[in-house]
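Visitor: I have a structure open and no idea where to start. Could you walk me through it?

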Amino acid sequence: MADTRSTGKTYWKSYEELSKDPALMKQLHNEFPENGSAPGGSVGSMTRRAFMGLLAASTALAATGCRRPEQEIVPYVRKPEYLTPGIANFFTTAFTRQNFAAGILVESREGRPIKIEGNDRCPVSAGKSNHLMQASLLSLYDPDRILRPTVNNSDSTPLNAYRRIADAVREVTAQGKTVRILVDEHASPSLQKLYSDLERFLPETRVVTWPAITAYGAAEANARLLGVDAELVPDLGKAGTILGVDADFLGTDPTSLWHIRRFASRRKPEHGTPEMNRFYAVESAVSTTGSNADQRIRVKPGEIDAFLLALLHELVVVRGVRGLDAETTTMLHGVTGDRFPEMKRIADDLLRSPSVVMIGRHLPEHTHTLGILCNTVLGAIGEGCILDPRRTLPFSHSKQRAITEFRKELDRGDVGVLLFAGVNSAYSMPAGMFRSLSSRVLYRFSLSLYADETSKVCSIFIPVNHYLEQWGDVVLFDGSQAIVQPLIAPLNEGQPSLPDALIGIARAVSEEHFADVPNYYEYVRARWESDVLPRSGETSFGSFWTEALRNGTVALTAPSTSVTVNAAPARDMIRTALSSGNAGMMLGVLPSHSLDDGLYANLGWLMELPDPVTKATWDNLAVMSRTTAGALGVEKGDVIRVKTAAGSTHLPVFIQPGMADDVILTHTGFGRTEGGRVLAGQGVNVFPLMPEAGRSIGYVSVQVEKTGERYPIATTQDHHSLSGEELFDIDRKEIVKEGTLEDFLANPATLFRHDLPVYGAADATDRPISIMPPHDYSRGHRWGMSIDTSACVGCNACVIACVSENNIPMVGKDEVMNGREMHWIRIDRYYSGDEDNPATTLQPMLCQHCEKAPCENVCPVAATTHSPEGLNEMTYNRCVGTRYCSNNCPYKVRRFNYLNYHRDDRDPMSFVFNPDVTVRMRGVMEKCTFCVQRINEAKYQAKNEGRDSLRDGEVHTACQQACPADAIVFGNINDPESAVSKSMRTERGYHVLQSLNVIPSITYKAKIRNTNGGAV
Amino acid sequence: MRTATDKHRQDSWDIDGAGTLAVHPDEIREPLFEGKPALRDVTETVSGVVEGKPTKLWYATITLTGGLAGWGILTILYTIVTGIGVWGNNQPVGWAWDITNFVFWIGIGHAGTLISAILFLFRQKWRTAINRAAEAMTIFAVICALIFPIIHTGRPWVAVYWLLPLPNQMEMWVNFRSPLLWDVFAVSTYFAVSLMFWFVGLVPDFATLRNRAKNAIAKTIWTFVSFGWTGANRHWHRYEKAYLILAGISTPLVLSVHTIVSFDFAVSVLPGWHTTIFPPYFVAGAIFSGFGMVLTLMILARKLLNLEQFITVKHIENMNKVLMATGLMVGYAYGIEFFIAWYSGNPFERFVFINRAFGPYSWAYWTMVTCNVFIPQLFWFRKIRRNLMITWVISIFVNVGMWFERFVIIATSLHRDFLPSSWGYFIPTWVDVSIFAGTVGLFLTLFLLFAKYIPVLAISEVKGILPGAQPSHLHH
């Protein structure tokens, strides 16, 4: 067993770091590799004319002198109920991502939503949130969304547009043609009811669900084998061993928020918590999930089926575990698992404790079938088990057949009116399909949040409301339901919501059937009164509705379902699996972690969010292993042409440790062209590379060519080619600490023993020597934080939560390349071990609020100072911007406003700002404040209630509040009973760069890997 | 006048039984003048430059340097209007060319103070020929240096006065613990004292010009700045006292200013900066770079202003010796830094130095070592020390090398420090280059104006050491 204290393991970040490639050295010495080549234009590319113009303008501005324009402010004459200026109100609503819905709590200030949190009363989110939830707030205020309806490219009104659509519907149905409404995945029972009503009452109308991300392997396999046409949602909190097969359940899966919560609940090896789980990842592409594996096995896409068959063989044939019928068992006899030496250990672990096999959503039906067989054998399926059939994603049935049928209709030319209702098909359909589709349809209309690619080819476009502006409802995968309530009147006055627009169209077509549906609000209420109320056991609808709005979710027990596995259809699938395994180069098109399906591509927050694996921003890449790159003769930044059966495109190469060989990974969501200013020209649309309709993510055969071009890649770590440090092994034990569970349980007290005391770990008299007198924190609070690197999965929720809470600007690709990104919290990532399949260690890094802060004493104007409560405070007004504090910060967590990054904010974007946090101008330094505004707010509250000190848990930092893994604990460390004090009193605690004796207020907890026998 | 032949030297190298030199040192030393200038020659030569019309070459040069300075000012305005983002500075390289240039220019100034103060107190008579120009250089260099601490801030419009301890109703004071604040005091003191020292020395010469002035305007100006100097005995008496006192005040400044500038780095926690050797290392480096710049300019000036008589090869050789001595100190410091990095056992410290020599910025490091350590070794050869052309070229190398020394210390230490996740690389922009070029232009413009309009030699002091000017103990 490796002893991490003494082996002096080498941590490294990238291949450039390890390589001694002379070409890279040369490239490195090319002084100006990036200027002018990047999109967007930077100050560096300013023309002479622009410069002179600016100079003249600024001189003129200075000469005229300026006053702020006079603006009259009028106080409320009658104060609205519940609304006190300066006091935040929280409202419940629900967030939907494909079929996954979760209750959220929206912070509203003076009537405008400014922050999204998870709803702590929602059983799914439990107060936690993810980056997409957080960022969806920004799209509410996206200026590119504020549009008028257009009819034949001229401005119109919604009513007029409805009438025109109704005319078209009447015209085509008279000709015997049909009306088709293309809609996205959703989780709303009322919306589903509305769709049925539309199909029922409108002539020749069908609603076809064809979302951007289509992957129905799981639903189809479930339908065939279990009789459940839906995706099951496992409860990983019950699993002692998890085998992930190319599954990104902690990353891009819609349900990841839930999975991270449940997974991380068993990653904290302290006594008293459930036994730590063990996670094996079998992966082709490197995912966030795979980065968290205790052991990660690299396989090619073609080997995935073989791996699962070998596992079944091991379980059923070798170990004789029952669960499959004789015929199926016989089929497995011929399988051999020799290729996978880890199989014995995996089988041991799977059989030892409740375990589950997770299959990647993008994998085909036969792979999911093998997964179901594994889970059947392991006893993971059934009521009360890890895979409980009562927990299914709503409306996640396979749409494959409907899509195929719809395509046939189109090909026949039967469709007269095509209404794109919230789907951007022009962007997400396979190449060529949309063109042939649109040419055969008489009328195309679009209802969309943005004027996207699809809207551009439609004769009528009606912009629709954001979900924070509309009524609605959702059903969660556990059966509970929640109301979606508007937080604000539509910013675009008179703009309908998507269901309202559909009702409007329906009424224009068929007045008699929709006359009694005044709007979608009434429609939702009616359904709640007729459907939900009886199931809830309440009697009065008025109070039930109000209570439902207040709590956010209404718990409803899902009906009991018993499943029996019908293995008969599995045999065909096993045959398919046995014959599958195509060799050659494969392209993996998978959802992007930050942009997902591209709906929110116009949000700078997400564009600039580093990919958890590559740390790349603003682009999608051709991610590959260095062996693959070597075989192709390409390097990082080289542009390659990838060609599939469906189409071809150009992608920049990125070399990523951990990728399987002969596979190239790329991500969807990029390459949008219409709909906004942020998304334009960022990355490449890879949806058209997928040849099959109804399967927009997964692996396909690909041909690759070098183009000889270069493309700059903006990563937030390894900004530039690194070379040189391979000459010297950096001792990084000061930075990250980790160990195995076995070692930790054997000697918890000594494994991570520190030479210097850590907060909570030793008494105050045991402090290291310093010539400066210690601060006196004895009165009041002393704020501190603990971060559990064992629980952190690197999901980035904290990063966006911090951006949203603290008005952090986005800087653009050029500035990211120049190392000027502004995030106050970042996820540092270190690799160790096998250079082709390394172990990953993640470390959220933010201001450490050092007790002997090196930044504080060097500031000449005392703009950064120490608070009596241990905060390292930043006074923006006082800051003159010498940047000395940043230079002297050992953690490099300070961020300088090199330019006026908020200069491009257009109305109503400024409404997204948190009014409690100053928007920083250029020339000042900023950094994490431990959300001091939240601390102060809680203190006011306490003072009003006559308390001197805050109760534990009264203040949550934004990152802590979002963190689905509960890796971050914040609070008063003066109170030995506070959660943070208890969390810090751990044998795993350490301070990063402890020997500097800056005494950080953040205690990290060492990462524990639950490996089976092998080294970390 | 004795001529300095080796024969003569040998003859004179005669020590009597009492252990004292039989001959006065001045007799065996190489003379400080070429030929046998009369007292009047000094006045004529020096005043002639001021009174004559500028040459075409002067006009051409000042147009060029003035244009460069103007461009620099425009780019500074552009920076102030747009933000520091127009430079290449980034995260983690918060300081780059800005502070490099600041330390570089401050260093240049040091030769002037050393020559005017320390060499004066040590009675190094050879200083008189070069002290005026060197002091002028000090002042111009400090002016160039002072630009950077102001414009490198994100908000210079408040930095210019918030960095000063001005009483205010908010009782908001500067942070006296910050080395940047110490800088403010050190550099402003240095500038004030240097200016005063220079001006006091100029008063008798201004009076000379006043006396010779034929033009009414010139006369008015010279009258004003000469403060009613009459050359009276009492004036001379007080002048000498004042000069001595100022020299006394300036002497510690030679050591203190760059010591405090080095504290900007030494007081930090950054590996590569956090070093106790920095104060002497910086002072030696400053004198080294200062003499480099004095040589660069004086070799040109003596030729163009016909001062060969007064600034002789002996002066150049003396300066070359100082250059070599300080260069060796700097080289020693480079070596010791590596030794301590290894000897300390601090892994971060070790990494920074290995990275410095072999990392992405190794080209900058080896440029520095070549220019500052290897090339000045040529001065071991007397022939090279006395060769003006080679000396001039080497002085350019020293200027370049010393700029790179500051860049290496600042940028390479910053670009890769403790946490590899935040490592980066710095690439200068055209604005960085323009502003530095602008300060070079400003420096040369000021020097050209000085060379034309202000006596480039201290007339009275040079006269004081002319043979026969001091009919003292030579004829015992």
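Guide: Let's go from confidence to folds to the contact between the chains.

Visitor: What should I check before anything else, and what ipTM and pTM does the predictor give the complex?

Guide: Keep in mind that this is a predicted model. The predictor gives the complex an ipTM of 0.88 and a pTM of 0.86. Chain B has an average pLDDT of 85, and 90% of its residues score at least 70. The pLDDT drops below 50 over residues 1-19 of chain B, a stretch with 19 contacts in the model beyond near neighbours in sequence. Where pLDDT is low, the predicted coordinates should not be read in detail.

Visitor: Which domains does the assignment give for chain B?

Guide: Domain 1 covers 1-31, and domain 2 covers 38-416 + 423-459. Between the C-alpha centres of these two domains of chain B there are 37 Å.

Visitor: On to chain A, then. How many helices and strands does chain A have?

Guide: Chain A has 33 helices and 39 strands. Of its 1016 residues, 59% count as buried. Take the contacts in chain A between residues at least 6 apart in sequence: 74% of them join residues at least 24 apart.

Visitor: How do I read a sheet, and in what order do the strands of the open sheet in chain A run?

Guide: Walk from one edge to the other. The order here is 6-5-15-14-13-7-8 in chain A, an open sheet of 7 strands with mixed pairing. Its edges are strand 6 (154-155) and strand 8 (205-209) of chain A, each pairing on one side only. Strand 7 (residues 178-183) of chain A runs parallel to strand 8 of chain A, joined by 5 bridges, and A:V183 has A:T209 in strand 8 as its bridge partner.

Visitor: Which strands does helix 6 of chain A lie across?

Guide: Helix 6 (residues 189-201) of chain A crosses strand 7 and strand 8 of chain A, at about 145 degrees to strand 8. Helix 14 (residues 400-412) of chain A lies across strand 7, strand 8 and strand 13 (415-421) of chain A, at about 125 degrees to strand 8.

Visitor: Now a single strand: which strands pair with strand 9 of chain A?

Guide: Look for a partner on each bridge. Strand 9 of chain A pairs in the parallel sense with strand 10 (residues 278-283) of chain A over 5 bridges, and also in the parallel sense with strand 12 (residues 355-359) of chain A over 5 bridges. Follow A:I242: opposite stands A:F279 in strand 10, while its bridge partner in strand 12 is A:V356. A:T241, A:L243 and A:V245 point one way from strand 9, A:I242 and A:G244 the other way, and all are buried.

Visitor: Why is strand 30 of chain A described as largely enclosed?

Guide: Count the buried residues. In strand 30 (residues 826-832) of chain A, 7 of the 7 residues are buried, so the strand is largely enclosed by the rest of the structure. Strand 30 runs antiparallel to strand 31 (residues 839-845) of chain A, with 7 bridges between them. The two strands of chain A form a hairpin with 6 residues between them, and A:G833 in the turn has a positive phi of about 85 degrees.

Visitor: Finally, how many residues of chain B are in contact with chain A?

Guide: There are 51 residues of chain B in contact with 58 residues of chain A. Helix 13 of chain B gives the most to the chain B side, with 5 residues. That side divides into 30 nonpolar, 18 polar and 3 charged residues.

Notes
Residues numbered from 1 in each chain as written. Chains lettered and ligands numbered in written order. Predicted model: local features only at pLDDT ≥ 70, side-chain atom pairs only at ≥ 80, totals over all residues. Helix = DSSP H or I, 4+ residues; strand = E, 2+ residues; numbered from the N terminus. Buried ≥ 20, exposed ≤ 12 C-beta atoms within 10 Å, placed from the backbone. Contact = placed C-beta atoms within 7 Å. Nonpolar A, V, L, I, M, F, W, Y, C, P; charged D, E, K, R; others polar. Pairing = 2+ DSSP bridges. pLDDT = per-residue confidence, 0-100. Domains from an automatic or database assignment. Axes fitted to C-alpha atoms, helices over the stretch in contact; angles between N-to-C directions.
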